[in-house]
Amino acid sequence: PILLFHYLDMINRSFWNDAYDELDTGRRFCANSLEMLNYISMNPNCKQDDISKDLCIDKCCVAKGMLFLEQHELVHRKRSETDRRAYELTLSPGGTKALNELLSFADRWTKNIFPDADPAELESCRAAMKIMAKRRTVR
């Protein structure tokens, strides 16, 4: 199992290093940026707790990621009208642009790294990783 985690870490680091080099945004995205931007895009006015629960990301990591995304003007946070402790999240125009660039890069990168992979195999791998992530975040 330790080699599996090593390989996953290598792939993750490679992806973000390549993304930083190719996209030339002038900023390094945090590890969960792509997933969080995509989630907010698909779920406008969601809350940080929704992201944490649905993406199996620790609440502290989501909070740190949101600060990063907000500081770089990629996400707008608006106080929730129904829960004064929560914020509703939406993408800014810059966030939409960054997400589109990241998704386009991710598609090219995946096709380059896994040229012969069947989409069903990649989906099976993703599903297995999500199960592992959920078990890790349940405490």
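Me: Is F105 buried or exposed, and what is its relative accessible area?
Reply: Happy to start there, keeping in mind that this is a predicted model. Buried means under 20% relative accessible area. F105 counts as buried, since its relative accessible area is 3%.

Me: Which kind of aromatic pair do F15 and F105 form?
Reply: F15 lies in helix α1 and F105 in helix α5, so their pair ties together parts that are 90 residues apart in sequence. The two rings are 5.3 Å centre to centre, with 50 degrees between the planes. Planes under 30 degrees apart would count as stacked and over 60 as edge-to-face. The pair of F15 and F105 is therefore neither of those, but tilted.

Me: And which kind of pair do F15 and W109 make?
Reply: Both F15 and W109 are buried. Their ring centres lie 5.1 Å apart. With the planes at 85 degrees, and over 60 counting as such, the pair is edge-to-face.

Me: Within what arc do the buried residues of α5 fall, seen down its axis?
Reply: The buried residues of α5 include G95, L102, F105 and W109, while P93, K97 and K111 on the other side are exposed. What covers the buried ones includes α1, α2 and β2. They line one face of the helix, because they fall within an arc of 140 degrees.

Me: What is the distance between the end C-alpha atoms of helix α5?
Reply: Helix α5 covers residues 93–113, which is 21 residues. At 1.5 Å a residue, the expected span is 30 Å. The model agrees, as the end C-alpha atoms are separated by 30 Å.

Technical notes:
Residues numbered from 1 in each chain as written. Predicted model: local features only at pLDDT ≥ 70, side-chain atom pairs only at ≥ 80, totals over all residues. Heavy atoms only, no water. Helix = DSSP H or I, 4+ residues; strand = E, 2+ residues; numbered from the N terminus. Expected span 1.5 Å × (residues − 1). Buried < 20%, exposed > 50% of the residue type's maximum accessible area, 1.4 Å probe, protein only. Arc of directions from axis to C-beta. Contact = heavy atoms within 4.5 Å. Phe/Tyr/Trp six-rings, centres within 6.5 Å; stacked < 30°, edge-to-face > 60°.
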